[in-house]
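Good morning, and thank you for making time for this presentation. I would ask you to have the sequence and the structure open while I speak.

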Amino acid sequence: MSVQTVGSQEVRAITVAVAGNPNAGKSTLINAIAGTRLHVGNWPGVTVEKKEAVFEYGGRKIKLVDLPGTYSLSPYTQEEIIARDYLVHEKPEVIIDVVDATNLERNLYLTVQLVELDIPMIIALNIHDEAEKKGYRIDAKAMERMLGVRVIPTVATKELGLADLLKAIVELADNPAGHLPKRLHYGEDIESAAQAVSAKIIDGSPSLTGKYPARWLAYKLLESDDHVLRETTVDNSGFLEEATRHLRKAHGDDIESIMADARYAQASGVTHEVLKKPEFRKTEVTEKIDGIVLNRFLGIPIFFAAMWLVFKFTFDVSAPFAEWIHTMTDGPFKRWVAVMLGFIHAPPWTVSLATDGVIAGVGFVIVFVPVIFAMMFFITFLEGSGYMARAAFVMDRAMHAMGLHGKSFIPMLLGFGCNVPAVYATRTLENPRDKALTALLIPLMSCGARLPVYVVFIGAFFPSHAGTILWSLYVMGIVLAVVMGIIFKRTLFRGESPLFIMELPPYRLPSFKSLMIHTWEKGKHFLIKAGTYIFAVSILVWFLLNLPWGVENKKDSYLGKTGQIIAPVLAPLGFGNWEASSSLISGLIAKEIVVGTMGEIYVQKAKEKKETPTLSEDLKEIGTSFGDAARESLANVFSTFGIASISSEESAEETGERASLRTVIKGQFTPLSAYAFITFVLLYMPCVVVAIAMRQEFGTWKWFGVAFVYQMALAWVVAFAIYQGGRLLGIG
Amino acid sequence: MDMSMLKPGEIGKITKVGAIGPLKRRLMDMGVLVGEEVKVEKIAPLGDPIEVTIKNYKLSLRKKEAEGIAVEVIR
């Protein structure tokens, strides 16, 4: 077809819905077809990921819509409801059903349900190479005959079969009537009941007949599907009873089970007909690996070793790059802008706004980019390889005790590095309840940004017991997470805990392309969405700190004034002065800023003028330091000890500042109030970036609101107990 | 006897799925049906959940979820 012809066909895209079981290689297939044209967003109103791609093929426009991976179309999960609603209401022209050729029967159970929709369909018989290696022989032609659909063997990871798939899409779209799937026969009793229901619909509510696939609607009404009954407002009281009388008499009252049996009978029938397996079954690689990885004694040590690697890779690989970005935005970029603004004689406040507000804000956003990318990469790898399900299997009992899911462990662990990627990592949890509860507890994991605060106070007050005090804070966070988890389970999240029932997919090496696309899309998403918020907030904070304009004494800035208002509330905790309160407020951006603000407030910094480097020196510095960052990142991969994100060296100037800060706070705090203060820093509200991450992951501020309230209360109560309890005991 | 009582290596045939509501529907969707053979592969290191083979694939579920599934041991 020539591209010049401008018909309605040319303009309108062929809509293709891609359905399939989880772990059938659906993502990989879509990535292989669409590549970078893939657009990742969310399904409206929910936080389930939606991937779409529009591209041209043979002069035709094709729109691929990736439906969430599901095992069935019964509305048990959010994913199933989304997939089903899309198929029924948006009526795509073609369905691609991605089927795992190594696990035919269970995959065909979904296929059978898709066939009920009467939409032209192509089965992508994926992972075909693995099936062949196992000695499976699948008769694709027989499968086509039995189901009335097109069957195309594919290997998404090797990009095999994709051209045939695309060709078939166009063929089916051009002649939908000639490619309708077969009507599968569910047995006399079911079919006659379904016919009775259909007749009733045509009589009683003719408006529904065009709206829903007829056969599908009849089956759903037979099953008394709540979702469909609500949506269609069909009055099922009388006629369903009548239509199903014979069916119930012959097979029992549980029509849902009868239907599931009938569908599985079809899936098994097709499987037995088309699949020839070798007589002797070899022990599979997956079983060999699981023999070790899920071993009674080795399972847990291996799990912790794997987690340690994930943590280390995520934070150590990204830390040098984050450091580099920070140095660049903080140094050369600020200098350049200041010089340029000075050139046009801009007033000093604009220079401050541009450098301390805008550039610092931008820098603050992009500092998170390396760690987000690294985290997404490893999480995607864990999921794609099949280990994520094993991790959940190994940890579930422990996590379930606090109302969580086995998969909650990884986000919680990442929380010790930084709560922000940890909140994003909750997307591995399917159930919204598990996800929300995990995100609520993540801020109790003491992140890397809180460490500088601990270090200053421990250095000042507990130098001889540094290790013990530091350790006590981390343990306190974990213990409180367990306690809060149990409390939440009995209050806010009362009721049945979500099911665990989960497939343990075969181990597979995820394709590099798929990994990269996924990581890139997630990182981009963060940059755009979260970046905007973070940027806005950092500008706001700049105003808070610098207004009214020209304040000499920090006490008179808006920040200082707010600090004065809050101070009395903190008095019973042992640090009720405006200096401490103001520092805590500034910590809402990021907790390590508490130290910086304290430095500014307590220590009258003598701002020395340093010699400004020239432009060429700056550029050279940027280049060489990026090289250093890359080298350091690589070295961190191999170095086995020390956490780079924590042990970054400080400049002599900074250490000097810290030393004088230590001397000053020694006069302001007692050891007891100091411990209460760092406890408060550990527990009080998540930082602004975490808030934004929660908003982005859940599509609502609700969970951040809950986290804010409970953490403030918890921080106050615990710090109060420590300070007042300590005083009663005569400490401090 | 219910599925949670099977020992690793034992194979049972499902005689009844007693669960109700979402649990039942989910089990059905995953192929846990009356007449199906199920082999217990492993018990997690902490004692729960369990891993079974059903319909030629590996499924894990908590013991509590397996309790409602009646089985008779065949091997």
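Is α4(A) largely enclosed by the rest of the structure or largely open? Before I answer, please note that this is a predicted model. Of the 12 residues of α4(A), 11 are buried, so the helix is largely enclosed by the rest of the structure. The buried residues are A:L104, A:R106, A:N107, A:L108, A:Y109, A:L110, A:T111, A:V112, A:Q113, A:L114 and A:V115.

The length of this helix can be checked as well. Helix α4 of chain A covers residues 104–115, and at 1.5 Å a residue its 12 residues should span 16 Å. The end C-alpha atoms are 16 Å apart, which agrees with that expectation.

Next, the packing of this helix. α4(A) packs with helix α14 of chain A, residues 255–274, at an angle of about 125°, and the two axes are 8 Å apart. The two helices are therefore oblique to each other, and α4(A) passes α14(A) in a right-handed crossing. On the α4(A) side, the residues that meet the partner helix are A:L104, A:E105, A:L108, A:Y109, A:V112 and A:Q113. Facing them in α14(A) are A:R263, A:Y264, A:Q266, A:A267, A:S268, A:V270 and A:T271. As a general reminder, an α-helix has 3.6 residues a turn, so residues three or four places apart point the same way.

I turn now to the sheet. Which strands form it, and in what order? There are 6 strands in an open sheet, ordered β10(A)-β4(B)-β3(B)-β2(B)-β1(B)-β5(B), with antiparallel pairing. β10 of chain A and β5 of chain B, residues 69–73, stand at the edges with a single partner strand each, so one side of each is left without a neighbour in the sheet.

Strand β4 of chain B, residues 57–61, deserves a closer look. How many of its residues are buried? The count is 5 of 5. On one side lie B:Y57, B:L59 and B:L61, on the other B:K58 and B:S60, and both faces are covered. In general, the side chains of a regular strand alternate between the two faces of the sheet.

This strand is joined to β10 of chain A, residues 502–503, by 2 bridges in the antiparallel sense, and A:E503 has B:L59 as its bridge partner. β4(B) is also joined to β3 of chain B, residues 50–54, through 5 bridges, again antiparallel. Here B:I54 stands opposite B:Y57. The hairpin of β3(B) and β4(B) has 2 residues between the strands, and B:K55 takes a positive phi near 50°.

Moving one strand further, β2 of chain B, residues 37–43, pairs with β3(B) in the antiparallel sense over 5 bridges. B:I54 appears again in this pairing, as the bridge partner of B:V38.

Finally, some remarks on chain A as a whole. Its secondary structure comes to 33 helices and 10 strands, and its C-alpha atoms fill a box of roughly 90 × 65 × 55 Å along the principal axes. Of its 732 residues, 44% are buried. Among contacts between residues at least 6 apart in sequence, 75% join residues at least 24 apart.

One residue of chain A may serve as a last example: A:A140, found in helix α6, residues 140–147. With 16 other C-beta atoms within 10 Å, A:A140 is partly exposed. Leaving aside residues up to four places away in sequence, A:A140 touches A:L125, A:V151 and A:P153.

Terms used
Residues are numbered from 1 along each chain as its sequence is written. Chains are lettered from A and ligands numbered from 1 in the order in which they are written. This is a predicted model: local features need pLDDT of at least 70, side-chain atom pairs count only at pLDDT 80 or more; totals for chains, interfaces and linings use all residues. Helices (H or I, at least four residues) and strands (E, at least two) are DSSP runs, numbered from the N terminus. The expected span of a helix is 1.5 Å times one less than its number of residues. A residue is buried if 20 or more other C-beta atoms lie within 10 Å of its own, exposed if 12 or fewer, and partly exposed in between; C-beta atoms are placed from the backbone. Two strands pair if DSSP finds at least two bridges between them. Axes are lines fitted to C-alpha atoms, for helices over the stretch in contact, and angles run from 0 to 180 degrees between N-to-C directions. Angles under 35 degrees count as roughly parallel, over 145 as roughly antiparallel, 65 to 115 as roughly perpendicular and the rest as oblique. A crossing is left-handed if the near helix is turned anticlockwise from the far one by less than a right angle, and right-handed if clockwise. Two residues are in contact if their C-beta atoms, placed from the backbone, lie within 7 Å.
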